[in-house]
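Hello,

I am passing a structure on to you, and I hope you enjoy looking through it. Please open it first and then read my notes beside it.

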Amino acid sequence: MSAAYGSWKSPISADIVSGSEKRLEGFTVDSNGHLMWLETRPAESGRAVLVKEDGEDITPKDFNGRTTVQEYGGGSFGVSGDLLVFSNFDDQRLYKQLLASPDSRPVPITPDYGGPVVRYADGVFDGRFNRYIAVREDHRGVDAQPTTEIVSVSLNDNNTEEPKVLISGNDFYAFPRVDPKGERLAWIEWSHPNMHWDKAELWVGYISENGDIDKRVVVAGACPSAVESPTEPLWSSKGELFFITDRNTGFWNIYKWIEDQNEVLAIYSLDAEFTRPFWVFGNRCYDIIEGKDGSTIIACSYRQHGKSYLGVINQAKNSFCSVDIPFTYIANILASGQILYIEGASSVLPTSLAKVILDDHMSKVVDFSIMWSSSSDSDKYISYFSLPELIEFPTDVAGQNAYAYFYPPCNPDYKGSADEKPPLLLESHGGPTDEAHGTLNLSIQYWTSRGWAFVDVNYGGSSGYGRAYRERLLGKWGIVDVNDCCSCAKYLVDEGKVDEKRLCITGCSAGGYTTLASLAFRDTFRTGASLFGIADLKSLSDKMHKFESHYILNLAGDETALYERSPINFVDHFSCPIILFQGLEDTVVQPEQARKIYQALKKKGLPVAHVEYEGESHGFRKAESIKFTLEQQMLFFARTVGHFAVADDITPVHIDNFD
């Protein structure tokens, strides 16, 4: 039937969306070859639970397997043989748990400091000394900036002795990795004012008889004339060290360390990204398969022109091939014998964990089966799915283009009125060094199945397109991202795909900043929603946690820019309705950011709504928060600029200066 865009009924409800917001936060294989994974559950307030392949929970109900190192966490657990070590959210202590015993309770292995002031992440087992080596972030000092070190934690008996410091002195550490014999430790380190993807170093330390690091050598990243960001060191069973770096080409490719010459060798060069920016611990974008003939084979993901591919590199044959699998985005890869476990997604597959078996030539898939899905029943709505179109559009800089995924309205039960074009919701992703992937996201389908057009923009500064594209944003945050989002909306208007008078914008965190900046400094959009977004860059920079404490200034350029690009300082420029959502436990973007801009817009007399959530931090994890945010955005846009009635029964929040 014909009906106004935005008013269509859809079975993809906000309840369905919030229930599909399970997150995969790591996976591994135990000593018996059984898969297990860590999933977060919105229905349990975002609790992180380790689950066995057969569906049985490993994590007891009174534990939450989540770390908060660098605030974003990741890499919160490790498994060796029958032993699990994990970080518990409430106290941030490390615990060990025996997997073979169904009644085994977690036992703490790090001291109790009276609160979650010492945090651990990215740990690996060192069988030679029966210990767990991890990154530690220590907030016990009076200084606002915590210290970060690589430490070892004893696994003997039920000790909770003070961990032993192995590596210290720099601002940040990640990826501690022990070689198969326990003789060498590789790690990544970097220092202020850099973020990891700006400039970092790969080191190898030699482990002495008492377990200390008595000699060390820098493998990559120390040359002052060559800027690079090495990452993801990985030892083969033969003791060869592989890693990824972006030297020379500006694209992250795979390299190998030649130890006796302390040189590095490119394994395969391609203008593609074989990894992604380091925001959370635990990235694993490639793994090593031991070939049946003893050869070293590398299974890797690489991203090129907005799509991920599975690649296989055979060192002995000096060959590279691309293997066709259903995923168009690949996040992490784990090899277990000849089996690959791959986290990925596509335009019709939500974030999933797949078991992939390749043929003997490692060039074709013999079997592909989904082991875990963020939304296991999403395929029942497939006829309602809007498939993304990768678009390339001109920016305001001559000769420079940017990219986005455009989703047209799609619902088999409706068609739009002949005399109108659909409203557009443009999403500006967070980071801002993140990337839109063009994969199935039921929250996007929530909009498109109701008659909205949706576009997910990879503005200049996004990852996935190499260093040069990512660095377009340095010194120009609030300019390049804003211009690219506005250019994208204009492009879609000029193409006749959307209604120029109903252009809306939304974003989380840094995307929330781009949303507010677009509404303050441009007149392209008619309304917007900021989810834990930034209104005051100077205030954010002054109070930012250690990991990003120099990031804001790097992106803006200088102190003057912090003022001139802060929406809070130019409230008189705002002229349209805005809705704000904020978690009260957010330690990255503090609640006062939303409160300040809300009060200022309210005083100015603009329609504005402000929603705060108890118990939510940076990124909403509770089902009820996810649902409420989605529904209220939809209703807010419909009431203020949509000119249509939504089909869902939603009780609206109060809009100041409107209701």
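Below are my notes on a sheet, an annotated region and a single glycine.

Please keep in mind that this is a predicted model.

Let's begin with the sheet. It is an open one with four strands, and their order is β13-β14-β15-β16, with antiparallel pairing. At its edges you will find β13 (172-178) and β16 (213-220), each of which pairs on one side only. From one strand to the next, the twist averages 25 degrees.

If you would like to look at one pair of strands in detail, try β13 and β14. The β14 strand covers residues 184-190, runs antiparallel to β13 and is joined to β13 by five bridges. A handy place to start is Phe172, which stands opposite Trp190 in β14.

Next, the annotated region. An unreviewed UniProt entry places the feature "domain: Peptidase S9 prolyl oligopeptidase catalytic" at residues 442-642. In the model, the span 442-642 is 45% helix and 14% strand, and its end C-alpha atoms lie 21 Å apart.

Finally, have a look at Gly496. You can find Gly496 in the loop that links α4 (480-494) to β34 (503-508). Is Gly496 buried, exposed or partly exposed? Its relative accessible area is 34%, and because buried means under 20% and exposed means over 50%, Gly496 counts as partly exposed. As for distance, Gly496 and Leu185 are 311 residues apart along the chain, and their C-alpha atoms are separated by 57 Å.

Happy exploring, and do write back with any questions!

Best wishes

Note on methods. Residues are numbered from 1 along each chain as its sequence is written. This is a predicted model: local features need pLDDT of at least 70, side-chain atom pairs count only at pLDDT 80 or more; totals for chains, interfaces and linings use all residues. Side-chain values use heavy atoms; hydrogens and water are left out. Helices (H or I, at least four residues) and strands (E, at least two) are DSSP runs, numbered from the N terminus. Buried means under 20% relative accessible area, exposed over 50%, partly exposed in between (1.4 Å probe, protein chains only). Two strands pair if DSSP finds at least two bridges between them. Axes are lines fitted to C-alpha atoms, for helices over the stretch in contact, and angles run from 0 to 180 degrees between N-to-C directions. UniProt positions are given in the numbering used here, feature names are shortened, and annotations may be inferred rather than shown by experiment.
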